[in-house]
Amino acid sequence: QVQVVESGGGLVQPGGSLRLSCAASGISFSMFNMGWYRQAPGKQRDLVAVITPDGRTNYADSVKDRFTISRDNAKNTVYLQMSTLKPEDTAVYYCNAKHSWVSIAANHDYWGQGTQVTVSS
């Protein structure tokens, strides 16, 4: 059974920092692209950052130079270090695990339940 579980969300003041964690089980973690997405109320779910099995990363323009995605394959965990947080970063943050082989990715695409991040004074 595949499980993707986020943790680390909460309330933080503007300019503050927060680290999200996502633990995945039931998959061959080192074969998966791991991504963080976010969804604000009334908006679509958007990509925040993604990391490939070999550590290549990609970020949304809005978070470049503020957020850092990383992974620990030994712990089956991906992290999102968020700094210089802004009120517009407020959203539910979702972790996604998607197999890196394009031919089977559609059938090996898993989501967590989300964790709320609120940036407010």
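**Exercise 1. Work out the handedness of the disulfide and what it connects.**

Step 1. The torsion about the S-S bond of C22 and C95 is about -85°, so this disulfide is left-handed. A disulfide here is a pair of cysteine sulfur atoms within 2.5 Å. The S to S distance for C22 and C95 is 2.1 Å.

Step 2. Know what you are reading. This is a predicted model, where local features need pLDDT of at least 70, side-chain atom pairs count only at pLDDT 80 or more, and totals for chains, interfaces and linings use all residues. Residues are numbered from 1 along each chain as its sequence is written, and side-chain values use heavy atoms, with hydrogens and water left out.

Step 3. Place the two cysteines. C22 lies in strand β3 and C95 in strand β9, so the bond ties together parts 73 residues apart in sequence. Strands (E, at least two residues) are DSSP runs, numbered from the N terminus.

Step 4. Check burial. Buried means under 20% relative accessible area, exposed means over 50%, and partly exposed is in between (1.4 Å probe, protein chains only). C22 has 0% relative accessibility, so C22 is buried. C95 is buried too, with a relative accessible area of 0%.

**Exercise 2. Describe the open sheet that contains β1, and find its edges.**

Step 1. Write the order. Four strands form this open sheet as β1-β3-β8-β7, with antiparallel pairing. Two strands pair if DSSP finds at least two bridges between them.

Step 2. Find the edges. β1 (3-7) and β7 each have a single partner strand, so one side of each is left without a neighbour in the sheet.

Step 3. Add the twist. From one strand to the next, it averages 15°. Axes for this are lines fitted to C-alpha atoms, and angles run from 0 to 180 degrees between N-to-C directions.

Step 4. Zoom in on one pair. Five bridges join β1 to β3. Within this pair, V4 stands opposite A24 in β3.

**Exercise 3. Map the largest nonpolar core.**

Step 1. Define it. A nonpolar core is a set of buried Ala, Val, Leu, Ile, Met, Phe, Trp, Tyr and Cys residues joined through side-chain atoms within 4.5 Å.

Step 2. Count. The largest such core has 29 residues, and M34, W36, L80, M82 and Y93 have the most contacts inside it. Elements giving two or more residues to this core include β4 (32-39), β8 (77-82) and β9 (91-99).

Step 3. Follow one member. Contact means heavy atoms within 4.5 Å. Leave aside neighbours within four places in sequence: the contacts of M82 then include L18, L20, F67, Y93 and V117.

**Exercise 4. Compare the settings of R38, D54 and A74. Which are buried and which are exposed?**

Step 1. Take R38. R38 sits in strand β4. R38 is buried, at 14% relative accessible area. Its side chain makes a polar contact of 2.9 Å with that of Y93. A polar contact is a pair of N or O atoms within 3.5 Å; within protein, one must be able to donate a hydrogen and the other to accept it, and residues adjacent in sequence count only if both atoms are side-chain atoms.

Step 2. Take D54. D54 lies in the loop between β5 and β6 (57-59). At 55% relative accessibility, D54 is exposed. Its side chain makes polar contacts with the side chains of T52 (2.4 Å) and R56 (3.2 Å).

Step 3. Take A74. A74 is in the loop between β7 and β8. At 75% relative accessibility, A74 is exposed. A74 and T90 are 16 residues apart in sequence and 30 Å apart in space, C-alpha to C-alpha.
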